[in-house]
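The exercises that follow ask you to work through a structure by hand and then to compare your reasoning with a worked solution. Please keep the sequence and the coordinates open while you read.

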Amino acid sequence: RRVGIAIARREATLIGHERGKSAISVSLRQRRATGQSAAQCIEALLSQLPPDWQQCDLSIALSSGDLSCTDCFEVKYRSAGAVAAIAGSLAESRCAGENAEDLAIDFSINATTKDSSTIEMLAIPHTTLDSIRAAVARAAPKCSLRLVSSIPSLLARMIEADGIHAFSFD
């Protein structure tokens, strides 16, 4: 079983899907109160999961406002090792007022040319990531947190993977 949670600025949605089935099995929505943290939304949604859904693979997509930064840009490096070596400084330069040591940083290389790579980077404060992990552990301890990403990033990957385009101007 797979569960996905999308935390937007004003609303949070949980979708549950069983492998091998075409329909969504569980769907929950709730308003996100002003000042409510992403972890609080996640915990509230997970606490509503039916008991037989308490063991699942969990993916979470956060709004850009819940992250220190999420960005896509070109760098002159081509290997994952070279990009990893500079990821902290890249994140720090894009996350106003944040220190690289305080951030959990991840990146993916989306495209590589002869001279450079296009990378996508996500940075989240360790304290925020820790509070999300704690919320999952409290509300659904048998769920396995597999992914924390941004809503724009996941939508872009889904559209790209399926060859679907939002607008077609043929």
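A residue is called buried under 20% relative accessible area, exposed over 50%, and partly exposed in between, with a 1.4 Å probe and protein chains only. The model is predicted, so local features need pLDDT of at least 70 and side-chain atom pairs count only at pLDDT 80 or more, while totals for chains, interfaces and linings use all residues. Residues are numbered from 1 along each chain as its sequence is written, and side-chain values use heavy atoms, with hydrogens and water left out.

**Exercise 1.** Decide whether S150 is buried or exposed, and find what S150 touches.

Solution. Begin with the location: S150 lies in strand β8, residues 144-150, where strands (E, at least two residues) and helices (H or I, at least four) are DSSP runs numbered from the N terminus. Next, take the relative accessible area of S150, which is 1%, and therefore S150 is buried. Finally, list its contacts (heavy atoms within 4.5 Å): leaving aside residues up to four places away in sequence, S150 touches A61, L62, L67, T70 and L122.

**Exercise 2.** Describe the largest nonpolar core and the element that gives the most to it.

Solution. A nonpolar core is a set of buried Ala, Val, Leu, Ile, Met, Phe, Trp, Tyr and Cys residues joined through side-chain atoms within 4.5 Å. The largest such core has 31 residues, and I5, I7, L14, I42, L46, I60 and L62 are those with the most contacts inside it. Among the elements that give two or more residues to this core are β1 (2-7), α1 (38-46) and α3 (126-139), and α1 gives the most, with six residues. I42, for its part, touches I5, I7, I60, I132 and V136, residues up to four places away in sequence not being counted. A second, separate core of 12 residues includes I86, A91, C95 and I119.

**Exercise 3.** Trace the salt bridges of D52, E18 and D130.

Solution. A salt bridge is a side-chain nitrogen of Lys or Arg within 4 Å of a carboxyl oxygen of Asp or Glu, and the structure holds nine. D52 pairs with R1, the closest N and O atoms being 3.7 Å apart; this pair links distant parts of the chain, 51 residues apart. E18 pairs with K21 at 3.5 Å between the closest N and O atoms, and R1, E18, K21 and D52 are linked in a network of salt bridges. At 17% relative accessibility E18 counts as buried, whereas K21, at 45%, counts as partly exposed. D130 meets R133 at 4.0 Å, N to O, and because they are three residues apart in helix α3, about one helical turn separates them.
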